[in-house]
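Trainee: I have a structure open on my screen and would like to learn how to read it. Could you take me through it step by step?

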Amino acid sequence: MSTPTQTQPTTAELRQALPLVTVRGLDVAYGDQPVLSGVNLDLRPGEMVALLGASGSGKSTLMKSLTGFAPITGGSVRVVGYDVTNLLRGELQKLRSDVGQVFQQFNLIPRMSVLTNVLTGALHAAGPVNLAGGFSGKHRKLAMHYLDRVGIAHKAKDPARSLSGGQQQRVAIARALMQQPRVILADEPVASLDPKLADSVLELLRGIATEDGIPVLVSLHVLPLALAHSDRIVGLRHGEMLVSAPTARLDAAKLAGLYSQEGANHDDDGA
Ligand SMILES: Nc1ncnc2c1ncn2[C@@H]1O[C@H](COP(=O)(O)OP(=O)(O)OP(=O)(O)O)[C@@H](O)[C@H]1O
């Protein structure tokens, strides 16, 4: 509930803000193989958007398109003010430092401490830095703040390999926050976790979206998880956008079409 003394925007206000990501008519092809065709996407501050689709439908490719890792052949992609299809010299590193990423396999350095793993998130903004040179007290304080944010500050000194999968994913999320990202992309972040841990990690990500105002795009394989933890769902089938709607107003038949052999009103198996 807002009070007169609060200056933070409400979630409703955040969702009306201008999108931080705008994708229009995106085409991606690997060689002569089209992978995405005419995809649109908006990501606004405060929202968690779930990306659904069968294996090979193009979810990871869409995420890669947002950070300049995919061969874009048409359309426009704007991410936190950068025109990804026309990046100027030096902008690619800045873009990638503004976009926090979380992956299925956590990608931590197993023998290093949880704290050091989180600190490596600061390297995105700084560029190549000698890890042995150490981090400033300011960085350490910030890293502890984010470890606290994800609920595992008490594990700061432990080696990352000693943590459970759910805890390791929390470290990876804290590392992404250490970049002080404007947007977070989470590519199947719970695919390696049991259902209870999956729920808690998705709750954490949604809290980051709604409370911290950082929009989160999360790809998921499990429909009930998307229904429980997202504000909007974007569904891909064979690289085309079949669904894009607020989660509360989804058309169940279209959702089913994402995973059926025939799809809903589409017959583009030969793509
Ligand atoms: N580097 C690449 N070179 C050639 N083809 C690729 C490359 N990366 C992806 N593809 C193809 O693009 C299509 C979409 O792949 P993508 O990984 O985006 O799908 P996805 O929906 O994320 O799948 P999954 O759920 O299995 O991770 C697939 O047919 C895949 O084989």
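Mentor: We will go through the sheets, then a pair of helices, then the surroundings of the ligand. Please keep in mind that this is a predicted model.

Trainee: Happy to start with sheets. In what order do the strands of the 4-stranded open sheet lie?

Mentor: To read a sheet, walk across it from strand to strand. Here the walk goes β2-β1-β4-β5, and the pairing is antiparallel. At the edges you find β2 and β5 (82–83), each of which pairs on one side only.

Trainee: How many bridges join β1 to β2?

Mentor: Strand β1 (residues 21–30) and strand β2 (residues 33–43) are joined by 7 bridges and run antiparallel. To see the register, look for residues that face each other across the pair: V28 is opposite L36 in β2, and Y30 is opposite Q33 in β2.

Trainee: And what do β1 and β2 form together?

Mentor: They make a hairpin, with 2 residues between the strands. Take a look at G31 in the turn, where phi is positive, at about 65 degrees.

Trainee: Which residues can I use to follow β4?

Mentor: Strand β4 (residues 72–79) runs antiparallel to β1, with 6 bridges between them. V21 stands opposite V79 in β4. Towards β5, β4 pairs over 2 bridges, again in the antiparallel sense, and R78 has D83 in β5 as its bridge partner.

Trainee: Where do the side chains of a strand point?

Mentor: In a regular strand they alternate between the two faces of the sheet.

Trainee: What is the strand order in the open sheet of 6 strands?

Mentor: That one reads β6-β7-β8-β3-β9-β10, and its pairing is mixed. β6 (99–103) and β10 (240–246) each have a single partner strand, so one side of each has no neighbour in the sheet. On average, neighbouring strands in this sheet are turned by 15 degrees against each other, ignoring direction.

Trainee: Which way do β3 and β9 run, parallel or antiparallel?

Mentor: Strand β3 (residues 48–52) and strand β9 (residues 232–237) run parallel, joined by 4 bridges. Across this pair, L51 stands opposite V234 in β9.

Trainee: Which helix packs on this sheet?

Mentor: Helix α8 (residues 195–212) does, touching β3, β7 (183–187) and β8 (216–219). The direction of α8 makes about 155 degrees with that of β8.

Trainee: Now the helices. At what angle do α6 and α7 cross?

Mentor: For two helices, compare their axes. Those of helix α6 (residues 137–149) and helix α7 (residues 165–178) come within 9 Å and cross at roughly 135 degrees. That angle makes α6 oblique to α7. The crossing is right-handed.

Trainee: Which residues meet there?

Mentor: From α6 come L142, A143, Y146, L147 and R149; from α7 come A174, L177 and M178. The residues of this contact divide into 7 nonpolar, no polar and 1 charged.

Trainee: Last topic, the ligand. Which residues surround the ligand?

Mentor: For a ligand, list its shell and then see where the members come from. The shell consists of Y30, V35, G53, S55, G56, S57, G58, K59, S60 and T61. Helix α2 (residues 59–66) gives the largest share, 3 residues.

Trainee: How many residues of the shell are nonpolar, polar and charged?

Mentor: The shell has 2 nonpolar, 7 polar and 1 charged. One of its members, Y30, is the residue we saw opposite Q33 in β2.

Key. Residues numbered from 1 in each chain as written. Predicted model: local features only at pLDDT ≥ 70, side-chain atom pairs only at ≥ 80, totals over all residues. Axes fitted to C-alpha atoms, helices over the stretch in contact; angles between N-to-C directions. Parallel < 35°, antiparallel > 145°, perpendicular 65-115°, else oblique. Left-handed = near helix turned anticlockwise from the far one by under 90°. Contact = placed C-beta atoms within 7 Å. Nonpolar A, V, L, I, M, F, W, Y, C, P; charged D, E, K, R; others polar. Pairing = 2+ DSSP bridges. Near = placed C-beta within 6 Å.
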